[in-house]
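Student: Could we go through this model together, beginning with its enclosed space and then turning to its ligand?

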Amino acid sequence: MTSNKIKVFAPASIANVSCGFDIFGFALPDLGDYVEVWFNESGKLVIESITGADGLPTKPELNVTTVAAQALLEAVGEKRGVSFNIQKTVKPGSGLGSSSSAAVAGAFAVNELLGNPFTLRELLPFAGVGEQLASNQLHFDNVAPSLFGGFSVVRSNEEMDVLSISYPKDLWVVAAHPQVEIKTKQAKRMLGRTMPISNAVIQWGNVAGLVLALTSNDYDLLGRSMVDMLAEPKRSKLIPHYDKAKDATLAAGAIGTNIAGSGPTIFSFCKGEASANKVMSAYKKVYGLSNLEVNYYKSKINPEGAKRIK
Ligand code: HSE
């Protein structure tokens, strides 16, 4: 006998948002992970199918979705087995929070299956277990927006103190995803372990500026604050045509352009859809001259986080 199937969606996201390494992130619409779950009689977790991405682990103890789900099932002492269909519309290694949407979808799906023993906020540690498997570090800058939607500020990863902040209604996001893969683990290692105090002072000034800019709809301040002294100088070298794309999009009117998460996706903030269209054209002009395959996205920030769809 099998139980009813439940299907959920957890959105992709863009983390760091320039100066907010490991602490800022926002959700995107449409892209993300769909996970379908149902009880089985084996007493084990079983991955029945994975579509939309190649090479992901099919062993439940190695897969981010099932590892997050397992953490929740263990916490409630659930002994029944659960089967999973995993459908991805965001590629691993894209910079669009694929491991986080996978982890959030896994935890959210089994919580629904069990009749919601945990609140949304209480799902954070379970999704964090999945994220940690993918990136070797516990950080919630992609997990939080995938779970809650909107724009998240992680005041403390250790304390799982996550806040949601407001952002301008007319803020658009344009992104270009050159089809090369950058592993978060590798991108984290290249940052080193320390930062000069002079750079840290610039960084936290911009962090404060960016939060104020978003919550007070100050686009000028937002542009001035989108400066990253930590990750961009090193990681941008891994991204084909990064400097050209940044220059071209700023010249086309983008408020700011930076790396999505650990890359290779590049994103820009724009004021209004007309500006977003111009910035999209600028990306296409730069990458059109290359031999690279590039996917483009344009949207507003997604106000919705993980949700049940069936
Ligand atoms: N904050 C993370 C990083 C995002 O930049 O490494 C990618 O998981």
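Tutor: Before we count, a cavity here is a set of grid points where a 1.4 Å probe fits but cannot get out. Please keep in mind that the model is a predicted one.

Student: How many cavities of 30 Å³ or more does a search of the whole structure find?

Tutor: The residues lining the largest cavity include N16, D228, E232 and R235, and the space within that cavity comes to about 50 Å³. With the threshold set at 30 Å³ or more, the number found in the whole structure is one.

Student: Where does the ligand sit?

Tutor: Its surroundings are made up of N16, F21, D22, H139, D141, N142, T184, K188, R235 and S262. Domain 1 (6–166 + 303–308) and domain 2 (171–300) each supply at least three residues to this shell. As for the site itself, the ligand is placed in the largest pocket.

Student: Which side chain has an N or O atom 2.5 Å from a nitrogen atom of the ligand?

Tutor: By class, the shell comprises one nonpolar, five polar and four charged residues. A ligand oxygen atom lies 2.9 Å from an N or O atom in the side chain of K188, and a polar side-chain atom of R235 is 2.7 Å from an oxygen atom of the ligand. For the nitrogen atom at 2.5 Å, the partner side chain belongs to D22.

Student: What percentage of the area that the ligand exposes when taken alone does the protein bury?

Tutor: Taken alone, the ligand exposes 260 Å². Of that area, the share buried by the protein is 96%.

How values were computed
Residues are numbered from 1 along each chain as its sequence is written. This is a predicted model: local features need pLDDT of at least 70, side-chain atom pairs count only at pLDDT 80 or more; totals for chains, interfaces and linings use all residues. Side-chain values use heavy atoms; hydrogens and water are left out. A residue is near a molecule or strand if one of its heavy atoms lies within 4 Å of it. A polar contact is a pair of N or O atoms within 3.5 Å; within protein, one must be able to donate a hydrogen and the other to accept it, and residues adjacent in sequence count only if both atoms are side-chain atoms. Accessible areas come from the Shrake-Rupley method with a 1.4 Å probe; for residues, only the protein chains shown count as cover. On a 1 Å grid over the protein atoms alone, a cavity is a set of points where a 1.4 Å probe fits but cannot get out, and a pocket is an open set with protein on both sides within 12 Å along at least five of seven lines; lining residues have an atom within 4 Å of a point. A molecule sits in a cavity or pocket if more than half of its atoms lie within 2 Å of its grid points. Ala, Val, Leu, Ile, Met, Phe, Trp, Tyr, Cys and Pro count as nonpolar, Asp, Glu, Lys and Arg as charged, and the others, Gly among them, as polar. Domain bounds come from an automatic or database domain assignment. Grid points are joined across faces, edges and corners, and a volume is the space filled by probe spheres set on the points.
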